[in-house]
Amino acid sequence: MAFSSSCSSVKAVNSRWTSPSPSPSSRFAVLPAFLHRRYATSVKLTAISAALKTVEQTTLTEDNRFSTVGSDSDEYNPTLPKPRILVTEKLGEAGVNLLREFGDVDCSYDLSPEDLKKKVAESDALIVRSGTKVTREVFEAAKGRLKVVGRAGVGIDNVDLQAATEHGCLVVNAPTANTVAAAEHGIALLASMARNVAQADASIKAGKWERSKYVGVSLVGKTLAVMGFGKVGTEVARRAKGLGMTVISHDPYAPADRARALGVDLVSFDQAISTADFVSLHMPLTPATKKVFNDETFSKMKKGVRLINVARGGVIDEDALVRALDAGIVAQAALDVFCEEPPSKDSRLIQHENVTVTPHLGASTKEAQEGVAIEIAEAVAGALKGELSATAVNAPMVAPEVLSELTPYIVLAEKLGRLAVQLASGGKGVQSIRVVYRSARDRDDLDTRLLRAMITKGIIEPISDSYVNLVNADFIAKQKGLRISEERMVVDSSPEYPVDSIQVQILNVESNFAGAVSDAGDISIEGKVKYGVPHLTCVGSFGVDVSLEGNLILCRQVDQPGMIGQVGNILGEQNVNVNFMSVGRTVLRKQAIMAIGVDEEPDNKTLERIGGVSAIEEFVFLKL
């Protein structure tokens, strides 16, 4: 589906201006009324780095909801009414206190699905653990108000990520604070299972003394297969090595060098399960891993294997595990998680004499609970302030150091997108975008996902009623029929900086400013970051150099003396402050483009006067 830009000529001047309509002979273009209203009242969630506060400012919408709206302010405004944060499961006091400093916190536990939908319609953020199901219906009930869902823990299988993305809602988790706690619990289950601690304890408390019945097995020299070599799996492996175990692991995404550094061999799935004496599960629950431990898997295991699961209950077919236990294929199992929590009291698996169970205690240490609470509270508060959390799970993920390095270029990317789309006109609509990154770095050293998302945001928001963020940029672009291609060109510049310049081209459309059309016939603008500030450096075939702050006026004119003074005087008389000015030309005394950065929005009369300067052939006012 194509969509059209409405940047119009003088014949369609913004209705907010009160001066008389300009004459048909005037030669300039302005944003139409609906675009100005869009900038004034639209609600936009932006999930980007804290440094991008130069792009986003906290403000209020018409119904007093907390949101972020485009602005040049660089400060979060704490004087405005606080956002509403719904917490539906027990959270550590330190995290709750942190949230209360930032927003109005509603701790409502054990909500029914209907009550949750009612509450979420009045909330800007939602924090859950594993017990609350955040379904598509929940996001639909929020009607776009919900900005962020925080999962206090690692797994996010109880949150509908697709629905969150479609509704522009960021989902963050807390994957680091409970890493050690979960690993320690895995080791605790492994050791207690090997030595029958739980069974022996129950036996003694029942008045028995059965030493011969509870002879255990040693851990030293045994092979442990760690299935999933992420944060928790790595910590389990580290501790198992300390117990004298041989550790192997299966994880198709784990770096081999990290495994080798710990003395762990990465092997295939079948090799791991067929050679291990103990198998410890640390994989996420995905369609690919759901019930991956089933009858077929158990049949490939060494007879007498022992199984530990502190990850997700759904990765095991529980009925198949019972059969494997009864057949002696699995000698023992130690489980902290289950397909259904809490499991039914009459579950054969729970009641099996060779199974040790705990009620999802992997992260349940005082230290971990406080750490998770603080981690998720900081991530949620940061998201509401317009920051991109390093723990976001449905946005482009980059390392924190890369995010920090790209921050000024992210600002540049969005502003170039905004400028480019305002230069388009005609009925064909914007459908194809080409982005060219010039960089001295190798292709593999430049991650452009964030840049592409912000260009998409800049292009789509001014000409649609969608609000775009890093979460839903690709989805919205596809929905709108917008095709964005990316190219990278190696240039001879310093590799210290990730990007030398970014060029945005809109293909196969007409322009309301002919000076922006390149020799190839496409709208083309280019920008760089100078001293940490985004600059426009090229419009069409004209080189310019203007800071992208405030708003922008582009004039195509006859190259002659006095032009800067004439336009500057007109703006000055109307108290419009010029913050930057640059003139670029192709041939002396032929044509030139004057780029003028202005802090205020000129009124209709001022724009008419600029358009009336005889040497100016056309000009356009662009809102950043």
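These are my notebook entries on the annotated active-site residues, the nonpolar cores and one helix of this structure.

**Ground rules.** I am working with a predicted model, in which local features need pLDDT of at least 70 and side-chain atom pairs count only at pLDDT 80 or more, while totals for chains, interfaces and linings use all residues. Residues are numbered from 1 along each chain as its sequence is written, and side-chain values use heavy atoms, with hydrogens and water left out.

**Entry 1, active site.** I looked up the UniProt annotation "active site" and found that it covers Arg312, Glu341 and His360; such annotations may be inferred rather than shown by experiment. These residues are spread over 49 residues of sequence, yet they cluster in space, with a largest C-alpha distance of 10.8 Å.

**Entry 2, arginine 312.** I located arginine 312 in the loop between strand 14 (305-309) and helix 12 (318-326), where helices (H or I, at least four residues) and strands (E, at least two) are DSSP runs numbered from the N terminus. Arginine 312 counts as buried because its relative accessibility is 13%; buried means under 20% relative accessible area, exposed over 50%, and partly exposed in between, with a 1.4 Å probe and protein chains only. Leaving aside residues up to four places away in sequence, arginine 312 touches several residues, including Arg151, Asp157, Met283 and His360, contact meaning heavy atoms within 4.5 Å. Its side chain also makes a polar contact with the side chain of aspartate 157 at 2.8 Å; a polar contact is a pair of N or O atoms within 3.5 Å, where within protein one must be able to donate a hydrogen and the other to accept it, and residues adjacent in sequence count only if both atoms are side-chain atoms.

**Entry 3, glutamate 341.** I found glutamate 341 in the loop between strand 15 (330-335) and helix 13 (348-351), and at 38% relative accessibility it counts as partly exposed. Not counting residues up to four places away in sequence, glutamate 341 touches Asp336 and His360, and its side chain reaches the backbone nitrogen of phenylalanine 338 at 3.0 Å.

**Entry 4, cores.** I then turned to the largest nonpolar core (buried Ala, Val, Leu, Ile, Met, Phe, Trp, Tyr and Cys residues joined through side-chain atoms within 4.5 Å). This core has 79 residues, and Leu91, Leu423 and Leu451 are among those that touch the most other members. Helix 15 (residues 400-422) gives the most to this core, with 10 residues.

**Entry 5, helix 17.** In helix 17 (residues 473-480) I noted Ala473, Ile476, Ala477 and Lys480 as buried.
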